[in-house]
Amino acid sequence: MNQAPIDLPVALEAVSTKTDFIRFLHLLLKDLQNNPGGWENNSLESYLEAFASWTEDMDGYYDNHNLSRPGNINWKAMANMFMAARIYE
């Protein structure tokens with residue numbers, strides 16, 4: 001049975017809380033499982049490399065799309081989440 005496509009842009013726009021963020025991460029995983037061909041970076045190695053590259057260039061993305069740059073990102077908390085996920089069961 002075919003899975004209904006996941007509208008990731010709509011799910012992304014709905015993220016405003018920790019619960020929304022967790023739901024979004026689960027939807028990303030489900031989309032990868034259901035549609036791996038739609039992912040340019042479908043291995044952990046390539047995904048993390050792209051994540052780092054996009055983060056480095058993100059100011060340009062926001063500027064080019066006439067969007068306000070996020071000013072309240074807690075980089076230490078993000079790093080802790082990625083570090084902890086390496087060993088969390």
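**Note on helix α3 and its surroundings**

1. In α3, three residues are buried: Ser-46, Met-58 and Tyr-62. The cover over the buried residues of this helix includes α4, residues 75-85. The model under review is a predicted one, and the points below should be read accordingly.

2. The length of α3 may be checked against its residue count. The helix runs over residues 44-64, which is 21 residues, and at 1.5 Å a residue it should span 30 Å; the C-alpha atoms at its ends are 28 Å apart, so the two values agree. The helix nevertheless contains a kink of about 60 degrees, and this kink is centred on Asp-57.

3. Which elements give two or more residues to the nonpolar patch? The patch itself is on the surface and consists of Phe-21, Ile-22, Leu-25, Leu-44, Tyr-47, Leu-48, Phe-51, Met-81 and Phe-82, which together have about 770 Å² of accessible area. The elements in question are α2 (residues 18-34), α3 and α4. Of these, α3 gives the most, with four residues. Leu-48, one of the patch members, lies in α3. Its relative accessibility is 39%, and Leu-48 therefore counts as partly exposed, since that class lies between the 20% limit for buried and the 50% limit for exposed residues.

4. The count of salt bridges comes to three. One of them belongs to helix α2, where Arg-23 pairs with Asp-20 and the closest N and O atoms are 3.2 Å apart. Arg-23 and Asp-20 are three residues apart in this helix, so about one helical turn separates them. In general, an α-helix has 3.6 residues a turn, so residues three or four places apart point the same way. The two partners differ in exposure: Arg-23 is partly exposed, at 47% relative accessibility, whereas Asp-20 is buried, with a relative accessible area of 16%.

5. Another salt bridge joins the side chains of Asp-59 and Arg-69, at 3.6 Å from N to O. This pair links distant parts of the chain, because Asp-59 is in helix α3 and Arg-69 is in the loop between α3 and α4, 10 residues apart. Asp-59 is partly exposed, with a relative accessible area of 37%, and Arg-69 is also partly exposed, with 45%.

6. Arg-69 has a further partner in Asp-63, and here the closest N and O atoms are 2.5 Å apart. Asp-63 counts as partly exposed, at 39% relative accessibility. Through shared partners, the salt bridges join Asp-59, Asp-63 and Arg-69 into one network.

7. Where is Asn-66 placed? Asn-66 is in the loop between α3 and α4, just after α3. Its phi is near 50 degrees, a positive value in a residue other than glycine. As a general point, most residues other than glycine have a negative phi. Asn-66 is exposed, because its relative accessible area of 73% is over the 50% limit for that class.

8. A final comparison concerns Asn-66 and Ser-46. These residues are 20 residues apart in sequence, and their C-alpha atoms are 28 Å apart in space. Ser-46 is among the buried residues of α3, while Asn-66 is exposed.

Conventions. Residues numbered from 1 in each chain as written. Predicted model: local features only at pLDDT ≥ 70, side-chain atom pairs only at ≥ 80, totals over all residues. Heavy atoms only, no water. Expected span 1.5 Å × (residues − 1). Bend = angle between axes of the 7 residues up to and from the residue. Buried < 20%, exposed > 50% of the residue type's maximum accessible area, 1.4 Å probe, protein only. Contact = heavy atoms within 4.5 Å. Patch = residues over 30% accessible without salt bridge, like charges linked within 9 Å, V, L, I, M, F, W, Y side chains within 5 Å. Areas by Shrake-Rupley, 256 points an atom, 1.4 Å probe, with all protein chains shown as cover. Salt bridge = Lys/Arg side-chain N within 4 Å of Asp/Glu carboxyl O.
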